[in-house]
Amino acid sequence: MTVYASETAAWKKLAAKKSELANVSLRDAFNQNPNRARDFSFSAGPLFIDLSKNLIDAQTLDLFAELADEVGLKGAIDAQFSGKHINNTEDRAVLHTALRDPEFMSGSLIVDGQDVIGDVHKTLNKMYDFAEKVRAGVWRSISGKQFKTIVNIGIGGSDLGPVMVYEALRGSANSDITAKFVSNIDPTDLAEKLKGLDPETTLFIVASKTFTTLETLTNARLAKKWLIDELAKKGIFDSKGAVRQHFIAVSTALDKVEEFGIDPNNAFGFWNWVGGRYSVDSAVGTALAIVYGKSVFRRFLDGFHQIDEHFKNSDFRNNAVVLMGMLNVFYVNFWGAHSHAVLPYNQYLHRFPAYLQQLTMESNGKTIRKDGTRTDVHTGEIFWGEPGTNGQHAFYQLIHQGTRLIPADFIAVANPVHPSKDYGAKGDEVNDVHELFLANFFAQTKALAFGKTKEEVEAEGVRPDLVNAKVFEGNRPTTSIMAVSLTPEVVGALIALYEQITFVQGVVWGLNSFDQWGVELGKVLAMQIYPAISKDNSALIAQDASTQNLINYYRTHRR
Ligand code: F6P
């Protein structure tokens, strides 16, 4: 029997708790409990997570655990990790956690007759072997040259994870190989990424779970043509051989890969129990294995696994993942939050918010619950963000003084990749630039939590008519996430943290967080509209008035 969150006792208690907390300032909360920072801080794998600047008290966390019990989170976690078909609309297991299970873990995992752990490691080892061959110059181009550039062609989960992690690891891992990522069907994307590349040293990865995605297959065909044409200009005319040597694939549809001309031996599989947005730790990460090597990729997987273990094994009251998921629910359903900012104070994480947009919004942007009924509470949040301190000079104004409550996660590491000193304008003072940067990280959550009162502003002698504009109300909730440095383990742990937070929210809201029917309609309509754009007048007439209007604008202005 489905238990709807809104009908639980904990839900009602949380509503009362919210009313009570609305009258408590974070200033008072910290004054009343000198141990608040310690009481609300948690370790999860390599991450240190401070929840103390959230709008909660100790009892709120008890209620989060109570709600988790009432909605059956324990059973849901067991069902996820054991391979039950929790993706009910597609009748699939959801086993991305198995992708990071260690090779020699005790016990096996047999799901739907498949030896999951065995198959995962067979594929990982095949991917590692190939990656090491490319890195060592054993797998070479058609003209015998060592590959220098990887071009990953994919979209959604077949792009956002690889590109985000490629950027995230640039500081902690060295490589002589660079990667480019092509996703958009806008021909500009491919054209710009191919600019200046040498066809003789470029290896393409076509990454597509289904191997049917319009954008990816169109770009892959364009890339194939580019390779053949550019090699021909250099006197290399073996086009079939070139494709077999310069193209590899990552997909669950290995039959389609062969049709494209890619050697099936150079195709790395995964399984329909890995959702696209949960796939960066599968063979979808082949570009990462080639660029950074097997040992870095293994460390990356280990970071995921550490969070999985924390999530699976910690009691809910001390489970950072569960508490963060519940906090998000609390803000959406009781405090009216619409969006959630993720603000990495680390330039290498600059694509992390974009990555989280697919993970969280494709997973929980739903109105219909798993049992087919319409939800009676709000679901999902808009995830967004930019690296600090850039955001401070752009949108932080709204977080500090706007009318909406925007919970924000701040992420930073203790040790920079590029320690540097700044000798100041006059050359007489020495600043540690990372510490200046971290000072901003600490200052922002402090300002958001504690604000600045009218009395404090007045005490500064501010002109009376400007006082109100300079007051900061405070009580703007933030979570601070820190780690020792941005290692591959930390990057994996950050991803797994948000994957499982998303799962927790989905369980509370009664959603299937693993399907994405909402992306289908637009794809179908695009193919119906396509003929109307340039040639087919009957297709044009079949369109609605607004679409006709826009197409007519295009027809009038195209050159
Ligand atoms: O259209 C959405 C989507 O299905 C995503 O869920 C997925 O990550 C993306 O398209 C790409 O799909 P594929 O890997 O099959 O090309």
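A polar contact is a pair of N or O atoms within 3.5 Å; within protein, one atom must be able to donate a hydrogen and the other to accept it, and residues adjacent in sequence count only if both atoms are side-chain atoms. The model is predicted: local features need pLDDT of at least 70, side-chain atom pairs count only at pLDDT 80 or more, and totals for chains, interfaces and linings use all residues. Numbering runs from 1 along each chain as its sequence is written, and side-chain values use heavy atoms, without hydrogens and water.

**Exercise 1.** Find side chains in polar contact with oxygen atoms of the ligand.

*Solution.* Start with Gln358: a polar side-chain atom lies 3.1 Å from a ligand oxygen. Next, take Lys523, with a polar side-chain atom 3.0 Å from an oxygen of the ligand. Then check Thr210, where a side-chain N or O atom is 2.6 Å from a ligand oxygen.

**Exercise 2.** Describe the interface of domain 1 and domain 2.

*Solution.* Set the bounds, which come from an automatic or database domain assignment. Domain 1 covers 5-70 + 314-417 + 431-509, and domain 2 covers 96-293. Count the residues in contact (heavy atoms within 4.5 Å): domain 1 gives 22 and domain 2 gives 19. Now take the buried area, the accessible area (1.4 Å probe) that two parts lose on being put together, summed over both. The value is about 1700 Å², with 61% from carbon and sulfur atoms.

**Exercise 3.** Which residue forms a salt bridge with Arg277?

*Solution.* Apply the rule: a side-chain nitrogen of Lys or Arg within 4 Å of a carboxyl oxygen of Asp or Glu. The partner is Glu362, with the closest N and O atoms 2.9 Å apart. Across the interface of domain 1 and domain 2, the rule finds two salt bridges.
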